[in-house]
Amino acid sequence: MTGDEAASSGTRLTTGPDRTVPHRATYQERRGPAAEINIALLGAELAELTRNELLVLVPATYRLPLRVDLFEDLRARGVTVRLLHAAGREPSTGPLATLARDGIALPTPSQVPYFLVIRDRAVVYLPGQDPGHKPDRLTRMRNAVLAGSMAAAFGAVWETAARRAEAARVAAGIDGIEGGRELVRALGDGLTDQQAAARLHMSKRTFARRVALLMQRLDAGTRFQAGVQAARRGFV
(Lines give C-alpha, C1' and ligand atoms only; values in the text may rest on other atoms or scores of the structure.)
Protein backbone atom coordinates (compact mmCIF):
# COMPACT_ATOMS: atom_id res chain seq x y z
CA MET A 1 0.00 0.00 0.00
CA THR A 2 1.43 3.41 -0.93
CA GLY A 3 1.50 6.42 1.37
CA ASP A 4 -1.35 8.04 -0.52
CA GLU A 5 -3.40 4.84 -0.37
CA ALA A 6 -2.77 4.73 3.33
CA ALA A 7 -3.97 8.32 3.48
CA SER A 8 -7.25 7.34 1.89
CA SER A 9 -7.79 4.25 4.02
CA GLY A 10 -6.90 5.87 7.34
CA THR A 11 -4.16 3.32 8.06
CA ARG A 12 -2.26 3.99 11.28
CA LEU A 13 1.33 5.01 10.58
CA THR A 14 4.62 4.89 12.44
CA THR A 15 7.84 6.84 11.91
CA GLY A 16 10.12 4.87 14.20
CA PRO A 17 10.27 2.26 16.95
CA ASP A 18 8.45 4.40 19.51
CA ARG A 19 6.98 7.17 17.38
CA THR A 20 3.37 6.55 16.37
CA VAL A 21 1.69 9.32 14.42
CA PRO A 22 -2.00 10.02 13.86
CA HIS A 23 -4.09 8.47 11.14
CA ARG A 24 -3.37 9.87 7.72
CA ALA A 25 -6.87 11.34 7.67
CA THR A 26 -5.59 13.88 10.21
CA TYR A 27 -3.28 15.30 7.53
CA GLN A 28 -6.23 16.01 5.24
CA GLU A 29 -4.24 14.33 2.46
CA ARG A 30 -6.54 14.86 -0.49
CA ARG A 31 -6.41 14.21 -4.16
CA GLY A 32 -7.21 17.84 -4.95
CA PRO A 33 -4.49 20.28 -6.05
CA ALA A 34 -4.38 22.16 -2.73
CA ALA A 35 -5.27 21.61 0.93
CA GLU A 36 -4.29 22.97 4.30
CA ILE A 37 -2.10 21.09 6.77
CA ASN A 38 -1.32 21.86 10.38
CA ILE A 39 2.39 22.62 10.58
CA ALA A 40 2.65 20.45 13.72
CA LEU A 41 1.86 17.41 11.55
CA LEU A 42 4.24 18.30 8.73
CA GLY A 43 7.17 16.23 9.99
CA ALA A 44 5.15 13.05 10.31
CA GLU A 45 3.69 13.49 6.84
CA LEU A 46 7.09 14.09 5.27
CA ALA A 47 8.54 11.08 7.07
CA GLU A 48 5.84 8.83 5.65
CA LEU A 49 5.43 10.17 2.13
CA THR A 50 8.87 11.39 1.01
CA ARG A 51 10.47 8.94 -1.40
CA ASN A 52 13.34 10.59 -3.28
CA GLU A 53 14.03 14.20 -2.36
CA LEU A 54 13.21 16.76 0.31
CA LEU A 55 14.19 20.43 -0.11
CA VAL A 56 13.60 23.02 2.62
CA LEU A 57 13.99 26.82 2.76
CA VAL A 58 14.19 28.52 6.16
CA PRO A 59 13.98 32.33 6.63
CA ALA A 60 16.24 34.17 9.06
CA THR A 61 13.54 34.78 11.66
CA TYR A 62 11.82 31.40 11.39
CA ARG A 63 12.10 28.59 13.91
CA LEU A 64 12.57 25.28 12.13
CA PRO A 65 9.41 23.21 12.82
CA LEU A 66 11.02 19.91 11.76
CA ARG A 67 13.06 17.60 13.95
CA VAL A 68 16.67 16.84 13.11
CA ASP A 69 16.00 13.11 13.20
CA LEU A 70 13.54 13.50 10.31
CA PHE A 71 16.35 14.62 8.03
CA GLU A 72 18.70 11.96 9.34
CA ASP A 73 16.12 9.18 8.95
CA LEU A 74 15.27 10.24 5.40
CA ARG A 75 18.92 10.37 4.39
CA ALA A 76 19.47 6.92 5.89
CA ARG A 77 16.71 5.71 3.54
CA GLY A 78 18.59 7.11 0.54
CA VAL A 79 16.51 10.28 0.21
CA THR A 80 18.32 13.43 -0.98
CA VAL A 81 17.83 15.96 1.82
CA ARG A 82 18.88 19.61 1.57
CA LEU A 83 18.10 22.70 3.60
CA LEU A 84 18.98 26.29 2.73
CA HIS A 85 18.73 28.92 5.43
CA ALA A 86 19.25 32.67 5.37
CA ALA A 87 22.85 33.76 5.90
CA GLY A 88 23.49 34.84 9.45
CA ARG A 89 21.79 31.81 10.96
CA GLU A 90 24.93 29.80 11.72
CA PRO A 91 24.59 28.89 15.41
CA SER A 92 27.15 26.62 16.99
CA THR A 93 24.41 24.58 18.63
CA GLY A 94 20.84 23.63 17.80
CA PRO A 95 19.12 21.97 14.82
CA LEU A 96 20.74 24.04 12.07
CA ALA A 97 24.22 23.50 13.50
CA THR A 98 23.63 19.74 13.60
CA LEU A 99 22.32 19.68 10.03
CA ALA A 100 25.23 21.83 8.85
CA ARG A 101 27.75 19.42 10.35
CA ASP A 102 25.96 16.57 8.57
CA GLY A 103 26.24 18.39 5.23
CA ILE A 104 22.45 18.79 5.00
CA ALA A 105 22.14 22.54 5.67
CA LEU A 106 23.91 25.48 4.01
CA PRO A 107 23.57 29.25 4.44
CA THR A 108 22.65 31.31 1.40
CA PRO A 109 23.07 35.07 0.87
CA SER A 110 19.91 35.02 -1.23
CA GLN A 111 16.78 36.36 0.39
CA VAL A 112 14.59 33.69 1.96
CA PRO A 113 11.24 35.37 2.68
CA TYR A 114 9.15 32.33 3.66
CA PHE A 115 9.41 28.81 5.02
CA LEU A 116 8.99 26.41 2.11
CA VAL A 117 9.19 22.65 1.56
CA ILE A 118 9.40 20.78 -1.77
CA ARG A 119 8.71 17.04 -1.67
CA ASP A 120 9.76 14.73 -4.49
CA ARG A 121 9.40 17.52 -7.07
CA ALA A 122 5.68 16.95 -6.95
CA VAL A 123 4.32 18.64 -3.81
CA VAL A 124 5.03 22.08 -2.33
CA TYR A 125 4.22 23.18 1.22
CA LEU A 126 4.04 26.94 1.57
CA PRO A 127 2.33 29.63 3.66
CA GLY A 128 -0.99 31.03 2.59
CA GLN A 129 -1.35 34.40 0.91
CA ASP A 130 -1.45 35.98 4.37
CA PRO A 131 1.18 33.99 6.34
CA GLY A 132 0.53 35.99 9.49
CA HIS A 133 -3.15 35.07 9.55
CA LYS A 134 -2.61 31.32 10.10
CA PRO A 135 1.01 30.88 11.20
CA ASP A 136 0.30 27.29 12.27
CA ARG A 137 -1.04 26.24 8.86
CA LEU A 138 0.59 25.55 5.51
CA THR A 139 -0.94 25.05 2.10
CA ARG A 140 -0.05 21.74 0.44
CA MET A 141 -0.04 22.07 -3.34
CA ARG A 142 0.16 19.10 -5.71
CA ASN A 143 1.66 20.53 -8.88
CA ALA A 144 4.62 18.82 -10.54
CA VAL A 145 5.31 21.80 -12.81
CA LEU A 146 5.45 24.23 -9.90
CA ALA A 147 7.39 21.85 -7.64
CA GLY A 148 9.84 20.87 -10.37
CA SER A 149 10.53 24.48 -11.31
CA MET A 150 11.07 25.46 -7.69
CA ALA A 151 13.34 22.45 -7.14
CA ALA A 152 15.46 23.46 -10.14
CA ALA A 153 15.83 26.99 -8.77
CA PHE A 154 16.66 25.54 -5.34
CA GLY A 155 19.36 23.40 -6.94
CA ALA A 156 21.03 26.41 -8.56
CA VAL A 157 21.09 28.30 -5.26
CA TRP A 158 22.37 25.20 -3.46
CA GLU A 159 25.33 24.87 -5.86
CA THR A 160 26.26 28.51 -5.28
CA ALA A 161 25.96 28.07 -1.53
CA ALA A 162 28.10 24.91 -1.66
CA ARG A 163 30.85 26.73 -3.54
CA ARG A 164 30.79 29.55 -1.00
CA ALA A 165 30.95 27.08 1.88
CA GLU A 166 33.92 25.29 0.30
CA ALA A 167 35.71 28.58 -0.26
CA ALA A 168 35.11 29.54 3.37
CA ARG A 169 36.42 26.15 4.51
CA VAL A 170 39.60 26.53 2.47
CA ALA A 171 40.12 30.11 3.69
CA ALA A 172 39.64 29.05 7.30
CA GLY A 173 42.12 26.22 6.85
CA ILE A 174 44.74 28.55 5.43
CA ASP A 175 44.15 31.45 7.80
CA GLY A 176 44.17 29.11 10.77
CA ILE A 177 47.89 28.48 10.25
CA GLU A 178 50.47 31.11 11.11
CA GLY A 179 51.70 32.57 7.83
CA GLY A 180 49.28 30.32 5.97
CA ARG A 181 48.85 32.52 2.90
CA GLU A 182 52.57 33.07 2.50
CA LEU A 183 52.99 29.32 2.88
CA VAL A 184 50.55 28.68 0.04
CA ARG A 185 52.26 31.21 -2.21
CA ALA A 186 55.61 29.54 -1.60
CA LEU A 187 54.12 26.20 -2.62
CA GLY A 188 52.55 27.78 -5.69
CA ASP A 189 55.91 29.20 -6.76
CA GLY A 190 57.38 25.71 -6.86
CA LEU A 191 60.10 26.40 -4.30
CA THR A 192 61.97 23.63 -2.58
CA ASP A 193 61.50 23.26 1.16
CA GLN A 194 64.87 24.90 1.74
CA GLN A 195 64.07 27.86 -0.52
CA ALA A 196 60.59 28.30 0.92
CA ALA A 197 61.84 28.09 4.49
CA ALA A 198 64.47 30.73 3.75
CA ARG A 199 61.90 33.06 2.16
CA LEU A 200 59.56 32.69 5.14
CA HIS A 201 62.38 33.02 7.70
CA MET A 202 61.75 29.69 9.37
CA SER A 203 63.53 26.38 9.65
CA LYS A 204 63.04 23.68 7.06
CA ARG A 205 61.48 21.49 9.74
CA THR A 206 58.98 24.20 10.72
CA PHE A 207 58.06 24.72 7.07
CA ALA A 208 57.45 20.99 6.55
CA ARG A 209 55.35 20.80 9.73
CA ARG A 210 53.16 23.72 8.63
CA VAL A 211 52.74 22.27 5.15
CA ALA A 212 51.56 19.00 6.71
CA LEU A 213 49.08 20.94 8.86
CA LEU A 214 47.87 22.85 5.81
CA MET A 215 47.25 19.61 3.92
CA GLN A 216 45.31 18.26 6.89
CA ARG A 217 43.19 21.43 7.14
CA LEU A 218 42.40 21.34 3.42
CA ASP A 219 41.79 17.58 3.43
CA ALA A 220 44.44 17.24 0.72
CA GLY A 221 46.42 14.04 0.18
CA THR A 222 49.38 15.76 -1.46
CA ARG A 223 50.99 19.18 -1.61
CA PHE A 224 49.79 19.42 -5.19
CA GLN A 225 46.17 18.91 -4.13
CA ALA A 226 46.54 21.54 -1.42
CA GLY A 227 47.95 23.96 -3.97
CA VAL A 228 45.12 23.26 -6.41
CA GLN A 229 42.47 23.95 -3.77
CA ALA A 230 44.21 27.16 -2.76
CA ALA A 231 44.60 28.27 -6.38
CA ARG A 232 40.92 27.67 -7.11
CA ARG A 233 40.05 30.03 -4.26
CA GLY A 234 42.46 32.73 -5.41
CA PHE A 235 45.10 32.30 -2.73
CA VAL A 236 47.88 31.67 -5.23
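E53 counts as buried, because its relative accessibility is 13%, under the 20% cut-off. This is a predicted model. E53 lies in strand β4, which covers residues 53-58.

The side chain of E53 meets that of R121 in a salt bridge. The N to O distance is 2.8 Å. R121 sits in the loop between β7 (116-119) and β8 (123-126). The two residues are 68 apart, so the pair links distant parts of the chain. R121 is partly exposed, with a relative accessible area of 39%. This bridge therefore pairs a buried residue, E53, with a partly exposed one, R121.

**Salt bridges**

A search of the whole structure finds 4 salt bridges. Among them are these three:

| Pair | N to O distance | Separation along the chain |
|---|---|---|
| E53 and R121 | 2.8 Å | 68 residues |
| R140 and E45 | 2.8 Å | 95 residues |
| R137 and E36 | 3.4 Å | 101 residues |

Strand β9 (residues 137-142) holds R137. R140 is in strand β9 too. The partner of R140 is E45, in helix α2 (residues 42-49). Both R140 and E45 are buried. The partner of R137 is E36, in strand β3 (residues 34-38). E36 counts as partly exposed, because its relative accessibility is 29%, and partly exposed runs between 20% and 50%. Each of these two pairs links distant parts of the chain: R137 with E36, and R140 with E45.

**Helix α8**

Helix α8 spans residues 204-217 and has 14 residues. From first C-alpha to last, α8 reaches 20 Å. That is close to the 20 Å expected at 1.5 Å a residue. Several of its residues are buried: T206, F207, R210, V211, L214 and M215. An α-helix has 3.6 residues a turn, so residues three or four places apart point the same way. After α8 comes D219. The phi of D219 is positive, near 55 degrees.

**The whole protein**

The protein has 9 helices and 9 strands. Of its 236 residues, 39% are buried. Contacts between residues at least 6 apart in sequence were also examined: 60% of them join residues at least 24 apart. The accessible surface comes to about 12,700 Å². Carbon and sulfur atoms account for 51% of that surface.

Conventions: Residues numbered from 1 in each chain as written. Predicted model: local features only at pLDDT ≥ 70, side-chain atom pairs only at ≥ 80, totals over all residues. Heavy atoms only, no water. Helix = DSSP H or I, 4+ residues; strand = E, 2+ residues; numbered from the N terminus. Buried < 20%, exposed > 50% of the residue type's maximum accessible area, 1.4 Å probe, protein only. Expected span 1.5 Å × (residues − 1). Contact = heavy atoms within 4.5 Å. Areas by Shrake-Rupley, 256 points an atom, 1.4 Å probe, with all protein chains shown as cover.
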